[in-house]
Amino acid sequence: MVDEGLRKVAVIFLGPPGAGKGTQAKLIAGHYTVPHISTGDILRDNVARGTELGVKAKAVMERGELVSDELVCDMVSWRLRQPDADHGFVLDGFPRTAAQAGWLDAFLEHEFFDNSHCTVGLPIVIQIEVDYNQLLRRLTGRRTCPAGHIYNIYLHPPRVDEVCDVDGLKLVIRNDDREEVIRERLAAYELQTKPVADYYWEKRRLIAVNGDLPVPEVTAQICRVIEQLHGAVEARNVSDNY
Ligand code: AP5
């Protein structure tokens with residue numbers, strides 16, 4: 001049973017491609033029973049279903065560039081207005097430009113916090129820091145299951161080659177995990193997303209964790225940060241199923 005106090009948590013994960021945002025966001029969202037909102041996952045789902053948004057985003061994503069702020073902010077505002085986000089959320093991959101960060105603060109202040117059902121405070125911003133060579137290994141070795149479970153052939157392989165341990169589905173390589181696209185994504189991060197970290201740093205809201213450590217140890221650092229900032233009780237066994 002999760003303590004009521006633990007539910008009211010809002011977290012933003014920042015970090016370069018391959019830092020482990022998705023891996024940690026799933027664990028933290030599961031533990032605190034709040035929705036995991038990944039703009040990358042929402043966009044990939046739209047691409048797979050061939051929606052109007054997906055058609056607009058597909059070529060941009062395949063080049064490793066960022067989708068327009070307008071499309072992504074619309075998507076996030078829709079998702080944050082769903083009632084399950086009233087008591088918290090984990091944002092993964094958003095905000096990713098200084099414009100998105102400014103938009104999010106304004107949205108939360110003028111719309112979200114005004115909602116009388118909302119019990120959540122200003123999000124905690126966690127920057128996952130990882131060595132550059134480690135990032136390349138993580139991205140080139142990543143395999144994902146269509147249901148969202150994440151593996152790595154070097155660092156966290158499935159028990160049976162190319163098959164998800166949890167649901168037996170065949171693992172796939174993401175379209176943008178090709179070497180030439182990875183370079184573009186890392187360049188987009190340096191140019192467009194690093195200013196987001198500066199934005200939160202200047203507001204004294206950024207907390208960095210060491211993402212080079214094994215998954216459970218990174219999770220433990222994140223839980224400590226959340227507990228300290230929320231004065232919540234000890235988070236237990238978050239990584240037990242990893
Ligand atoms: P998105 O899906 O957000 O991709 P990303 O930011 O490039 O991040 P990744 O998903 O590649 O990495 P991650 O940090 O989640 O790492 P993971 O946990 O998987 O975005 C994709 C695209 O969508 C963008 O390029 C852009 O076009 C578009 N987009 C999305 N959001 C947007 C926005 N806001 N604005 C505009 N465009 C947007 O882990 C990676 C690997 O490492 C895995 O194999 C994992 O098993 C392994 N691993 C993780 N942690 C550890 C650890 N501690 N030790 C060892 N291995 C680990």
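Helices are DSSP runs of H or I with at least four residues, strands are runs of E with at least two, and both are numbered from the N terminus. The model is predicted.

Q: Where does Thr33 lie?
A: Thr33 is in a loop. The elements on either side are α2 and β2 (36–38). Its phi is near 50 degrees. That is a positive value, and the residue is not glycine.

Q: Why is Thr33 called partly exposed?
A: Its relative accessible area is 45%. Buried needs under 20%, and exposed needs over 50%. The value of 45% falls in between, so Thr33 is partly exposed.

Q: What makes Glu162 buried, exposed or partly exposed?
A: Glu162 has 29% relative accessibility. Buried stops under 20%, and exposed starts over 50%. Glu162 therefore counts as partly exposed. This residue sits in the loop between β6 and α8 (179–202). Its phi is near 65 degrees, positive in a residue other than glycine.

Q: How do you know that the peptide bond joining Phe94 and Pro95 is cis or trans?
A: Look at omega. It is about 0 degrees, and the bond is cis. Pro95 belongs to the loop between β3 (88–92) and α6 (98–112).

Q: What makes the Arg96 pair with the ligand a polar contact?
A: A polar side-chain atom of Arg96 lies 2.6 Å from a ligand oxygen. The cut-off is N or O atoms within 3.5 Å. The pair at 2.6 Å meets it, so this is a polar contact. Arg96 is also among the residues that come nearest to the ligand, with Thr23, Glu65, Arg142 and Arg185.

Q: Why do the pairs of Gln100 and Ala19 with the ligand count as polar contacts?
A: Gln100 places a polar side-chain atom 3.0 Å from a ligand nitrogen. Ala19 uses a polar backbone atom, 3.2 Å from a ligand oxygen. Both distances are within 3.5 Å, so both pairs count. The protein covers 96% of the 1000 Å² of accessible area that the ligand has on its own.

Q: Which element gives the most to the shell around the ligand?
A: α3 does, with four residues. Elements with at least two shell residues each include α2 (21–32), α7 (132–141) and α9 (215–230).

Q: How many residues of each class are in the shell around the ligand?
A: There are 17 nonpolar, 10 polar and nine charged residues.

Technical notes
Residues are numbered from 1 along each chain as its sequence is written. This is a predicted model: local features need pLDDT of at least 70, side-chain atom pairs count only at pLDDT 80 or more; totals for chains, interfaces and linings use all residues. Side-chain values use heavy atoms; hydrogens and water are left out. A residue is near a molecule or strand if one of its heavy atoms lies within 4 Å of it. A polar contact is a pair of N or O atoms within 3.5 Å; within protein, one must be able to donate a hydrogen and the other to accept it, and residues adjacent in sequence count only if both atoms are side-chain atoms. Accessible areas come from the Shrake-Rupley method with a 1.4 Å probe; for residues, only the protein chains shown count as cover. Ala, Val, Leu, Ile, Met, Phe, Trp, Tyr, Cys and Pro count as nonpolar, Asp, Glu, Lys and Arg as charged, and the others, Gly among them, as polar. Buried means under 20% relative accessible area, exposed over 50%, partly exposed in between (1.4 Å probe, protein chains only).
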